[in-house]
Amino acid sequence: MSDTAEASTAQDDVVDELRSWLSEHWDPELTVGEWWQLLGLAGWAAPGLPTNAYGRGLSRNDAVRVQTEIAEFGALSAPGGLGLLLAAPTIATHGTQEQIDLYVRDIVTGAKGWCQLFSEPGAGSDLAGLTCKAELDGDEWTINGQKVWTSFGHMADLGMLIARTDPELPKHQGITWFAFDMHQDGVEVRPLVEMTGHALFNEVFISDGKVADDAIIGGRGNGWAVANTTLMHERSGLGSGGGSAAAGAATPGTIADQLGRRAGDFVSGPKKKRSGGGAGAGLGGGGAKLLIDLAKGNGSIQDPSIRQDLMKLHTLGEIGRFNNLRLKAAKKAGQDIPDIGNISKLAMSDIMRSTRDVGLRIIGAAGMLHAYSDDQRGAIEDATGNPFGQMVTSIALWAQGPPIYGGTDQIQRNIIGERVLGLPKEPGDTKGVPFSELPKNA
Ligand SMILES: Cc1cc2nc3c(=O)[nH]c(=O)nc-3n(C[C@H](O)[C@H](O)[C@H](O)COP(=O)(O)OP(=O)(O)OC[C@H]3O[C@@H](n4cnc5c(N)ncnc54)[C@H](O)[C@@H]3O)c2cc1C
């Protein structure tokens, strides 16, 4: 049997097992919390995690396939959010079994929502320059500092906090990764409104916040390595060709208050299967198809330069898909593609920009209209006669985000240059200098 045939047989086995499990367990009358408890504890919410961390040890492709199958079956999808995408795999890699049982269980069952408390006003690309301070007092740490761009901070029960525990060590050392309780005095979450009109992210001010010593993941002073695991999952999870665990119809955690609601209210029946030969996951696939339909609908498909841009978008999606297949084959042979996560993330930025540019060209002047409320949405649809125009405009406004979060395009290029291509590092090595002696932003 060929490698591909073996791989698809393995995938078919997983799908068969999942379908029969769904037939037996999915019931739209369950509450969201009850359903997620069943899904999570059976290992289907995060099947890419190891079996000791409420997963099934499946490959990334198989795990993505599981998500698709759940949606196609018509059941409520896994909890999603940054807990499932980032915190769970980080804790599964670096946490003790006790910590896995304490934190990952509540993530896969959707009981708790998480946010990522990494970036600070003076530490984004240069994340290791962070100044948020953690001081030990007995068996408890006191946290003081400010975080920014904290996606879903307003919906989070817990935060992946990185803070400086020893300023006398060089800057990449002396950082520690904490599972931080967001429900406490001294944590103030302030929303930041984006140009899309949404307030996805926030500023978080921490004044004398408290966290227990046993909430450290991966050991004191080892936070840089642990944070890199989180970032690796962020880049590969959001990159082109990757399925995002961040997607989900209902919102996990106690703040969203959806756990007691009827699960069936969050799904609209079985989804149609994707036709074969698509252009990979994300906008490179579905987006290209949507834009082709839009261009056919309004006649702009006759413009050869629009056809060319659509072809480019389709091609970028296909490259993402092929990279995914390459990675799968490499993994199967016990190998890896170095820094594929960085490459995929960079490719996703290109897909977003291309989608924005060709989408706006297709819908023309209507692309200047954006709805900030349902009333406005209706008025714009009535005026333009195009129900999909708003989708294009929203994507265009959002397209600035992916080239920045999880490490900007420039930073991805630096990493690929240095780690994959072997180019020299940036000058000014400060590796051995204590953080307290570094000039600001060095
Ligand atoms: C939609 C969105 C969601 C986000 N969610 C979160 C979140 O949940 N949690 C969180 O912690 N953070 C989050 N972020 C923050 C994100 O990780 C940072 O914005 C990002 O790391 C860049 O940092 P910065 O904004 O401080 O920019 P800076 O680091 O100040 O960079 C400014 C510019 O300089 C360039 N630059 C900087 N250093 C170099 C270099 N060495 N070489 C070449 N160019 C360089 C950058 O590429 C960029 O163009 C989010 C950001 C966005 C846009």
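# Reading a predicted model, feature by feature

Biologist: The backbone oxygen of Gly-406 lies 3.3 Å from a polar atom of the side chain of Gln-412. How many ångströms may separate two such atoms in a polar contact?

Modeller: A polar contact is a pair of N or O atoms within 3.5 Å, and the 3.3 Å between Gly-406 and Gln-412 is read against that cut-off. Please keep in mind from the start that this is a predicted model.

Biologist: Where does Gln-412 sit, and is the residue buried or exposed?

Modeller: Gln-412 belongs to helix H12. A residue counts as buried under 20% relative accessible area, and because Gln-412 has 0%, this residue is buried.

Biologist: What does helix H12 do for the surroundings of the ligand?

Modeller: Helix H12, which covers residues 409–420, contributes three residues to the shell around the ligand, and that is the most from any one element. The shell holds 19 residues, of which Ser-119, Ser-125, Trp-149, Ser-151 and Thr-408 come nearest to the ligand. Sorted by character, the shell has seven nonpolar residues, eleven polar ones and one charged one.

Biologist: Which residues place an atom beside a nitrogen of the ligand, and how should I tell backbone from side chain?

Modeller: Take the backbone cases together, and then turn to the side chain. Gln-116 has a backbone N or O atom 2.8 Å from a nitrogen atom of the ligand, and for a backbone N or O atom of Trp-149 the distance to a ligand nitrogen is 2.9 Å. With Glu-426, by contrast, a polar atom of the side chain lies 3.1 Å from a nitrogen atom of the ligand. The ligand taken alone exposes 980 Å², and the protein buries 69% of that area.

Biologist: How do I check a helix, and what span should H3 have?

Modeller: The general picture is that an α-helix has 3.6 residues a turn, so residues three or four places apart point the same way. For helix H3, residues 60–73, the 14 residues at 1.5 Å a residue should span 20 Å, and the end C-alpha atoms are indeed 20 Å apart, so the expectation and the model agree.

Biologist: Which residues of H3 are buried, and what comes just after the helix?

Modeller: The buried residues of H3 are Asn-61, Asp-62, Ala-63, Val-66, Glu-69, Ile-70 and Glu-72. Just after H3 comes Gly-74, with a positive phi of about 95 degrees.

Biologist: Which residues other than glycine take a positive phi here?

Modeller: As a general rule, most residues other than glycine have a negative phi. Two residues to look at here are Asp-257, with a positive phi near 60 degrees, and Asp-339, with a positive phi of about 55 degrees. Asp-257 lies in the loop between helix H6 (223–238) and helix H7 (286–298), while Asp-339 lies in the loop between helix H8 (304–332) and helix H9 (340–363). Their accessibilities can be read in the way we used for Gln-412: Asp-257 is exposed, with a relative accessible area of 61%, whereas Asp-339, at 18%, is buried.

Biologist: What can I learn by setting separation in sequence beside separation in space, for example at strand S2?

Modeller: Lys-133 is found in strand S2, residues 133–137, and is partly exposed, with a relative accessible area of 42%. Its C-alpha atom is 6.2 Å from that of Gly-145, twelve residues apart along the chain. Glu-135 also lies in strand S2, and its C-alpha atom is 22 Å from that of Thr-150, with the two positions 15 residues apart in sequence. In the loop between strand S1 (114–117) and S2 you will find Cys-132, which counts as buried at 1% relative accessibility; Cys-132 and Asp-336 are 204 residues apart in sequence and 35 Å apart in space, C-alpha to C-alpha.

Biologist: How many helices and strands does the chain have, and how is its overall size judged?

Modeller: The chain has twelve helices and seven strands. Its radius of gyration is 22 Å, close to the 22 Å that the globule rule gives for 442 residues, so the chain is as compact as a globular protein of that length. Along the principal axes, the C-alpha atoms fill a box of roughly 65 × 55 × 50 Å, and buried residues make up 47% of the 442 residues.

Definitions and conventions:
Residues are numbered from 1 along each chain as its sequence is written. This is a predicted model: local features need pLDDT of at least 70, side-chain atom pairs count only at pLDDT 80 or more; totals for chains, interfaces and linings use all residues. Side-chain values use heavy atoms; hydrogens and water are left out. Helices (H or I, at least four residues) and strands (E, at least two) are DSSP runs, numbered from the N terminus. The expected span of a helix is 1.5 Å times one less than its number of residues. Buried means under 20% relative accessible area, exposed over 50%, partly exposed in between (1.4 Å probe, protein chains only). A residue is near a molecule or strand if one of its heavy atoms lies within 4 Å of it. A polar contact is a pair of N or O atoms within 3.5 Å; within protein, one must be able to donate a hydrogen and the other to accept it, and residues adjacent in sequence count only if both atoms are side-chain atoms. Accessible areas come from the Shrake-Rupley method with a 1.4 Å probe; for residues, only the protein chains shown count as cover. Ala, Val, Leu, Ile, Met, Phe, Trp, Tyr, Cys and Pro count as nonpolar, Asp, Glu, Lys and Arg as charged, and the others, Gly among them, as polar. The radius of gyration is taken over C-alpha atoms; the globule rule is 2.2 Å times the number of residues to the power 0.38.
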